[in-house]
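Here's a quick briefing to read alongside the model. Have the viewer open and follow the topics in whatever order suits you.

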Amino acid sequence: MSAGKLILPLFLFFINACASIVPDIPHKTEIEQSIQVKDLPPKVLMALPKEYGRKEFTYKRKLKDGKVSYDVDYEREGKKFSIAYDEQGRVLEEEKKVEFSDLPPDLKIKVEKVLSAYYPGYRIVLTEEVYTNNEKLLEIFFSHPKTKTGFAEAVFEYQTGVFREFINIQMQSIQTLY
């Protein structure tokens, strides 16, 4: 067999070998539940932004890593935001909905590469910039039939595009999204 005819089979063998040794990435699970204002702890109620009426918010209770948090979603000037509080009313993170198409091109490429590697044929549902612990992250909420719950979230460092984690999202209904 000539060298030219041998290269393609070796290349295919190498690609298959690499694909088969990529480890599965463990996924945490986050459970989201829509709640009413009456279900919020008193300290969270006191921490809510005062410039809005409570009827302008939607509320969620989340359980992740054994910790409960409360998300308060609202809209300002046509943009959607969310603030996550712990039970003591301390802000854990702030999220801003953004369009995937508006992300920097190099960041979009890194996100697409990771999602395609683990979930070919994924469909992005929601993209958020997240501000937490003095850092900016990117959360990509996507659907794919091979995710444990049908929906998952991929978290990336915003500045570098470094992948952080996958999270299975379990929710009462798609309505818990914006």
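What follows is a short tour, from the overall fold to the strand pairs and then the pocket.

Keep in mind that this is a predicted model. The chain has 178 residues, and 38% of them count as buried. Its secondary structure adds up to three helices and nine strands, and the centrepiece for this briefing is a closed barrel of nine strands.

**Overall layout**

- Going along the sequence, you'll meet the elements in the pattern α-β-α-β-β-β-β-α-β-β-β-β.
- If you take the contacts between residues at least 6 apart in sequence, 47% of them join residues at least 24 apart.

**The barrel**

- The strand order in the closed barrel is β1-β2-β3-β4-β5-β6-β7-β8-β9, and the pairing is mixed.
- On average, neighbouring strands in this sheet are turned by 30 degrees against each other, with direction ignored.
- As a rule, side chains in a regular strand alternate between the two faces of the sheet.

**Strand pairs to click through**

- Strand β1 covers residues 27-35 and strand β2 covers residues 58-64; the two run antiparallel and are joined by six bridges.
- For a landmark on that pair, find Gln33, which sits opposite Arg61 in β2.
- Further along, β5 (residues 91-98) pairs with β6 (residues 123-132), again in the antiparallel sense, through five bridges.
- Val98 has Thr127 in β6 as its bridge partner.
- β6 also pairs on with β7 (residues 135-143): these two run antiparallel, with nine bridges between them.
- Here the landmark is Ile124, which stands opposite Phe142 in β7.
- β6 and β7 make a hairpin with two residues between the strands.
- In that turn, Asn133 has a positive phi of about 45 degrees.

**The largest pocket**

- How much space lies in the largest pocket? The figure is about 780 Å³.
- The lining is made up of 33 residues, and the closest to the pocket centre are Glu30, Lys64, Leu92, Glu93 and Glu139.
- Sorted by class, the lining has 18 charged, eleven nonpolar and four polar residues.
- You can tie the pocket back to the strands: Glu30, among the residues closest to the centre, falls within β1 (residues 27-35), and Lys64 is in β2 (residues 58-64).
- Leu92 and Glu93 belong to the β5 stretch (residues 91-98), while Glu139 lies in β7 (residues 135-143).

How values were computed: Residues numbered from 1 in each chain as written. Predicted model: local features only at pLDDT ≥ 70, side-chain atom pairs only at ≥ 80, totals over all residues. Heavy atoms only, no water. 1 Å grid on protein atoms, 1.4 Å probe; cavity = no way out; pocket = protein on both sides within 12 Å on 5 of 7 lines; lining within 4 Å. Points joined across faces, edges and corners; volume = space filled by probe spheres on them. Nonpolar A, V, L, I, M, F, W, Y, C, P; charged D, E, K, R; others polar. Pairing = 2+ DSSP bridges. Helix = DSSP H or I, 4+ residues; strand = E, 2+ residues; numbered from the N terminus. Axes fitted to C-alpha atoms, helices over the stretch in contact; angles between N-to-C directions. Buried < 20%, exposed > 50% of the residue type's maximum accessible area, 1.4 Å probe, protein only. Contact = heavy atoms within 4.5 Å.
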